[in-house]
Amino acid sequence: MSTAARLAPEPERTVLVVPGMHCASCMAKVERGLAVLPGVVAARVNLTARQVSVTHDPAVTTPVLVDALGALGFPAQPRVEELAPPPSAVKPLLAPLGVAGFAAMNVLLLSVSIWPGGGGGPRGLFHWLSALVGIPAIAFSGRVFFASAWGALRHGRTNMDVPISIGVLLATGLSLYETMTGGETAWFDGTLMLLLFLLAGRALDAAMRDKARAGVDSLLRQAAPGALVVGRDGSIEWIAAPHLVPGMVMRVAAGERLAADGEVIAGASRLDNSLLTGESAAVPVVVGQPVHAGTLNLDASLDVRVTAAGQGTSLAEIARLMDASGQARSRYVRIADRASRLYAPAVHTLAALSFAGWMIAGAGLHQSLVIAIAVLIITCPCALGLAVPVAQVVACGALMKRGIMVKDGSALERLASVDRVLLDKTGTLTLGRPVPDPGVLDALGPEAAGVALALASHSRHPLSRALVEALAARGVAAAELADVVEEPGQGLQASWQGRAVALRRPGAGVGGEPGGMASALEIAGQPTWLIPFADRLRPATQAALADLAALGVEPSILSGDNAAAVAQVARATGLTAQAAASPVEKREAIARLQAGGRKVLMAGDGLNDGPALAAADASIAPGTASDVGRQAADLVFLGEGLDALPLAVRAARRTMAVVRQNFVLAIGYNVLAVPLAMAGRVTPLIAAAAMSLSSLIVIANSLRLARVAR
């Protein structure tokens, strides 16, 4: 390696919050505008989070990047907190949407009164009433588009909101002129309907985006807010998690979560370590073993020397992986980006040609302007804008009735194209609830069963709780024990009628499949009882796997559990499997499949599945999943059966078929309506009505999806 290469500084990464981005066109302009700056290596927008991640040379400062975005018309600021949640995208749209809807209904009622041909005084009065209601409502509701259009024009560019704003302002101004001069026609009703449908489409899209990033925020809440830190002099002080530094010693009591990564230096306990392994069984830890932020200490106090804190923890790394995967999804809006770049100039050109053509033909300024306004309104992309979100909302509602919650409507597009599904084992393929072998319980006898119940009732271990539930359901009476002691990670021991008894992990000489779940019941003077446990497959698993195969979706297992436990489920289902996979390895496995052209559906439930759920083309989690698993997944199925997976795939494919039909209807409307408008056969009112009708046709077609999941 050359000296220059060795001395070349490492690129830095800066994340900026850009609240003004709301569409694919904005995203493209931000990325292109930053990419041309000297020293900027790459710029990637996360439209969902309203953020842009810039990789650049150290010489490029944050103020330079902020100024560059400001010059493009996108005010920005540095992200103060790493992985901070973005502001809600839908809330600012609710008030304008409500005002537009209320005003449109009232102005339409006034307009209906003069449609049959009423004239003279009543016509003028109704026009003035419509103006009094409509102009303030148009000003308030239209500011969403006016501000965006002005920001674009002020910086020498255009976007989809420019022709919309021009059409709205011209129609409103001409309507006011007609009202003041006693003209026969005003178009306040059509203008308000235009704004109503545009805002409805934008609000639906924003609502979906607000949900898309909730998984990262939920994941970050898994870490403790702080920890008790033991000083060198023995003093104890509570320190907030952001202020923990490597070398500090945390004292973690039983029942507390760890606030940082570290190494155990005193004590022994069991941890709920599903963040990294996905296994439901608690993991024993002793001095010298590494532990991680977000894991739950179950049994006894631990002293942990901090090795990584804040954004250096494994928990934060998983959150970053999920966030990066969310940014990668922005490729699905590239088609919309290309369409939006063509829309504004095409509409401007058509309107200008219409105005110029009619002026040359001698129609006069008034008629030429009316025709140009009609062209601007009739070409409004309301139907195109509603084609996808309305179909998604209807399909999501139908799936919800079948117990499948769709959290990200755009996932239906990705789900429709999947041809591989990767299934986590514990809690996904299986119910995640270990059940003791009923035959062994029958053979125990009343005394041994009573001892087992009494011992198990003193532990919070998942196998102990499962044993208590099974024996209590059989009406077993618990024996009376003395001197009960639980050794973390090993089991329980006690005295019963003067004899030593124990319920512990199977040891040497005690059978059981390696890696399988089992407990050993020991009663002095009697043979040791081995009580095996099994995690049952979900109902309808085999039928669901067969349905997926029939749909062309190839299933396999990708699990963080140990190889032996995964092998048992693989044999029962006939699937190939990869075991002991870490969160990073799961994400890499998905990336390899995607690099080979496969479209991947990830089904998982644990914290360790979060990055994989975010990285897959589509993802689904059971309702019993961890909070992070449910938040990271695109879909959540609430029932126990695995048949939710093929049901969701079929519903997604039908939804996308309806979306394609909606696009054909919307484009067909423009092909028929635009020539009529340019020919002067359409007034602005008829243009707004035609635009609304095209939107209603798209909505009606989408409503057929109400039966999508039946």
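Which residue in strand 21 is the bridge partner of Leu 521? It is Trp 529, and that pair is a handy place to start a walk through this predicted model.

## A hairpin and its neighbour

Leu 521 and Trp 529 bridge where strand 20 (residues 517–523) meets strand 21. These two strands pair in the antiparallel sense over 5 bridges. Together they form a hairpin, with 5 residues between the strands. If you look into the turn, you will find Gly 525, which has a positive phi of about 90°.

Strand 21 (residues 529–537) also pairs with strand 16 (residues 430–436). Here 4 bridges join the two, and they run antiparallel. One of the matched pairs is Pro 436 with Phe 533, the latter sitting in strand 21.

## The chain as a whole

Stepping back, the chain holds 25 helices and 26 strands. Of its 710 residues, 50% are buried. The chain exposes about 30,100 Å², and carbon and sulfur atoms supply 62% of that area.

Contacts reach far along the sequence, too. Among those with a separation of 6 or more, 70% are between residues 24 or more positions apart.

## An open sheet of six strands

Another spot to visit is an open sheet in which 6 strands follow the order 6-5-7-13-8-11, with antiparallel pairing. Strand 6 (236–240) and strand 11 (290–291) stand at the edges; each has a single partner strand, so one side of each is left without a neighbour in the sheet.

For strand 6, look at strand 5 (residues 226–230): the two run antiparallel and are joined by 5 bridges. Within this pairing, Leu 228 stands opposite Trp 238 of strand 6.

Is Ile 239, another residue of strand 6, buried or exposed? Ile 239 is buried, because its relative accessible area is 13%, under the 20% cut-off. Leaving aside residues up to four places away in sequence, Ile 239 touches Gly 226, Ala 227, Val 229, Leu 244 and Met 248. Ala 259 lies 20 residues from Ile 239 in sequence, and their C-alpha atoms are 9.9 Å apart in space.

## Two nonpolar cores

In soluble globular proteins, nonpolar side chains tend to be buried together. In this model, the largest nonpolar core has 48 residues. Those with the most contacts inside this core are Ile 404, Leu 415, Leu 423, Leu 601, Leu 635 and Leu 645. Helix 24 (residues 644–678) gives the core its largest share, 11 residues.

Leu 415 is a good residue to click on. Not counting residues up to four places away in sequence, Leu 415 touches Leu 601, Ala 618, Leu 635, Ala 648, Val 649 and Ala 652. There is also a second, separate core of 43 residues. Its members include Ala 103, Ile 138, Phe 145 and Ala 351.

## A nonpolar patch on the surface

Some nonpolar residues are found on the outside. Leu 125, Leu 129, Leu 132 and Val 133 form a patch on the surface, with about 350 Å² of accessible area together.

Val 133 belongs to helix 5 (residues 120–154). Why does Val 133 count as partly exposed? Its relative accessible area is 32%, and that falls between the 20% limit for buried and the 50% limit for exposed.

Definitions and conventions:
Residues are numbered from 1 along each chain as its sequence is written. This is a predicted model: local features need pLDDT of at least 70, side-chain atom pairs count only at pLDDT 80 or more; totals for chains, interfaces and linings use all residues. Side-chain values use heavy atoms; hydrogens and water are left out. A nonpolar core is a set of buried Ala, Val, Leu, Ile, Met, Phe, Trp, Tyr and Cys residues joined through side-chain atoms within 4.5 Å. Buried means under 20% relative accessible area, exposed over 50%, partly exposed in between (1.4 Å probe, protein chains only). Contact means heavy atoms within 4.5 Å. Patches are made of residues with over 30% relative accessible area and no salt bridge: like charges are joined within 9 Å, nonpolar side chains (Val, Leu, Ile, Met, Phe, Trp, Tyr) within 5 Å. Accessible areas come from the Shrake-Rupley method with a 1.4 Å probe; for residues, only the protein chains shown count as cover. A salt bridge is a side-chain nitrogen of Lys or Arg within 4 Å of a carboxyl oxygen of Asp or Glu. Two strands pair if DSSP finds at least two bridges between them.
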